[in-house]
Amino acid sequence: MIRLALLGTGNVGQAVIARLEALDDPGLCLVHISNTRVTVGPSLRESAPHVVLDATASDAVAARHADWLARGWHVVTANKLGRGASLARAEAIENACHASGARYGDAATVGAGLPLLRSLRALQVGGDAIHGVAGVLSGSLAWLLARFDGSVPFSTLVREARAAGYTEPDPRIDLSGEDVRRKLLILARAAGVPLEADAVQVESLVPQALAQADDIDAALDALDAPMHARLDAVREGRLHFVARWRDGIARVGLETLAPNDPLAAGSGTDNRVAIHSARYAHQPLVIQGPGAGAEVTAAAMLDDVFALRDQPTFAGTRSSKNVAIGIGRAIA
């Protein structure tokens with residue numbers, strides 16, 4: 001039986017709970033749920049979990065990942081601030097895994113479970129040399145820029161994306177490029193590159209008036225003039241928000257891509273990543289699919305949990321019923 005502790009009950013956390021309830025899997029027991037206000041069940045230490053599920057976006061929670069791994073607890077996360085923050089933290093996570101044998105499931109941190117990280121790692125294990133990675137890594141920005149043709153203000157589209165749940169509650173997190181920077185760090189590090197966090201050049205789409213605003217919704221109009229200016233400068237192709245790492249240079253920002261560019265396909269919130277390597281020297285390996293949404297992110301987290309079933313830690317008796325699942329409703 002796998003004992004789970006869930007941290008975070010936002011959109012992703014609630015989707016995890018809903019999937020667990022629908023699965024009603026006797027091999028999974030949710031023994032602890034907490035958010036910043038409430039804890040249901042015994043404390044994290046007293047619950048003796050096999051797996052900590054981090055469905056937060058908290059730096060403080062991500063800072064504990066290495067400690068939990070060192071105790072032998074597996075960590076499955078959608079939180080990018082583990083391997084996508086400082087290089088020292090990412091290396092501490094790796095070292096803790098090697099020392100304890102615990103596993104770190106991070107498929108949900110980039111591409112909401114698309115086979116990006118495992119493909120990069122498999123290529124590495126197979127002896128391939130990764131030369132570069134480029135991608136459209138923000139589902140929210142992909143959605144916004146696909147619809148931005150000048151017929152409506154960019155701020156109107158941001159409000160629509162926010163209402164639909166495509167952006168963070170504070171859309172400046174998406175528009176700043178910070179989320180994409182973290183994802184690029186995770187990808188580059190998975191490719192074996194010890195990239196420092198401050199080595200990534202980031203072009204933020206957030207003007208100063210919006211960055212300093214207390215009333216975010218009212219200040220979104222500050223986006224309109226600069227974004228229309230960028231749109232007017234496009235002669236062929238379309239604007240995309242792209243992350244690139246190659247030859248030691250890493251950057252994140254707006255680019256104009258031709259229709260036949262491998263990163264220009266797709267629709268909606270699709271993520272698209274091109275991997276350039278010795279094996280894929282003439283034509284990159286391209287991976288594409290939905291890269292945003294609580295449902296696909298929760299599914300990716302549980303896929304990592306299911307992958308743990310082959311571990312000897314979880315061999316043996318399973319409970320007849322997941323009696324703890326219902327407590328999730330208490331802190332929704």
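This briefing describes the confidence, sheets, first helix and selected loop residues of one protein chain. The structure is a predicted model. The chain has a mean pLDDT of 90, and 94% of its residues reach 70 or more. UniProt annotations from an unreviewed entry mark Thr56 and Lys80 as "binding site", and the same feature name is given for Glu168.

**Confidence**

- Residues 315-332 stay under 50 in pLDDT. For this stretch the model has 39 contacts beyond four places in sequence.

**The six-stranded sheet**

- An open sheet of six strands follows the order E3-E2-E1-E4-E5-E6, with mixed pairing. Its edges are strand E3 (39-40) and strand E6 (104-105), each of which pairs on one side only.
- Within this sheet, E1 and E4 are joined by four bridges in the parallel sense. Leu7 has Asp54 of E4 as its bridge partner.

**Helix H1**

- Helix H1 comprises 13 residues, 11-23. At 1.5 Å a residue the helix should span 18 Å, and its end C-alpha atoms are 18 Å apart, so the expected and modelled spans agree.
- Its buried residues are Val12, Gly13, Gln14, Ala15, Val16, Ile17 and Leu20. An α-helix has 3.6 residues a turn, so residues three or four places apart point the same way.
- The buried residues of H1 pack against three strands of the model, E1 (2-7), E2 (28-34) and E4 (51-54), and against helix H13 (294-307).
- Asp24 follows H1 and has a positive phi, near 45 degrees.

**Strand E11 and its partners**

- Strand E11 (residues 270-277) is mostly covered, with seven of its eight residues buried.
- Strand E7 (residues 130-136) runs antiparallel to E11 and is joined to it by six bridges. In this pairing, Gly135 stands opposite Val273 of E11.
- E11 is also joined by six bridges to strand E12 (residues 285-290), again in the antiparallel sense. Here Ile275 stands opposite Leu285 of E12.
- Thr269 lies in the loop between strand E10 (249-257) and E11. With a relative accessible area of 13%, under the 20% limit, Thr269 is buried.
- Beyond its neighbours within four places in sequence, Thr269 is in contact with Gly139, Trp143 and Tyr166, and also with Gly289, Pro290, Gly291 and Ala292.

**Annotated positions Thr56 and Lys80**

- The two positions that UniProt lists together, Thr56 and Lys80, span 25 residues in sequence. Their C-alpha atoms are nevertheless no more than 9.2 Å apart, so the positions gather at one spot.
- Both Thr56 and Lys80 belong to the lining of the largest pocket.
- Thr56 is placed in the loop between E4 and helix H2 (59-62). Its relative accessibility of 18% is under the 20% limit, and Thr56 therefore counts as buried.
- Apart from residues up to four places away in sequence, Thr56 touches Leu7, Gly8, Val61 and Asn79. One of these, Leu7, is the residue whose bridge partner in E4 is Asp54.

**Annotated position Glu168**

- Glu168, covered by a separate "binding site" annotation in the unreviewed UniProt entry, is located in the loop between helix H7 (154-164) and helix H8 (172-175).
- The relative accessible area of Glu168 is 32%, so this residue is partly exposed.
- Outside the residues up to four places away in sequence, Glu168 touches Arg162, Ile173 and Asp174.

**Val206 and its surroundings**

- Val206 is found in the loop between strand E8 (200-202) and helix H10 (208-211). At 16% relative accessibility, Val206 counts as buried.
- Val206 and Pro171 are 35 residues apart along the chain, and their C-alpha atoms are separated by 9.6 Å.
- When neighbours within four places in sequence are set aside, Val206 is in contact with Arg172, Leu175, Ser176 and Ala211.

Technical notes. Residues are numbered from 1 along each chain as its sequence is written. This is a predicted model: local features need pLDDT of at least 70, side-chain atom pairs count only at pLDDT 80 or more; totals for chains, interfaces and linings use all residues. Side-chain values use heavy atoms; hydrogens and water are left out. Helices (H or I, at least four residues) and strands (E, at least two) are DSSP runs, numbered from the N terminus. The expected span of a helix is 1.5 Å times one less than its number of residues. Buried means under 20% relative accessible area, exposed over 50%, partly exposed in between (1.4 Å probe, protein chains only). Contact means heavy atoms within 4.5 Å. Two strands pair if DSSP finds at least two bridges between them. pLDDT is the predictor's confidence in each residue, from 0 to 100. UniProt positions are given in the numbering used here, feature names are shortened, and annotations may be inferred rather than shown by experiment. On a 1 Å grid over the protein atoms alone, a cavity is a set of points where a 1.4 Å probe fits but cannot get out, and a pocket is an open set with protein on both sides within 12 Å along at least five of seven lines; lining residues have an atom within 4 Å of a point.
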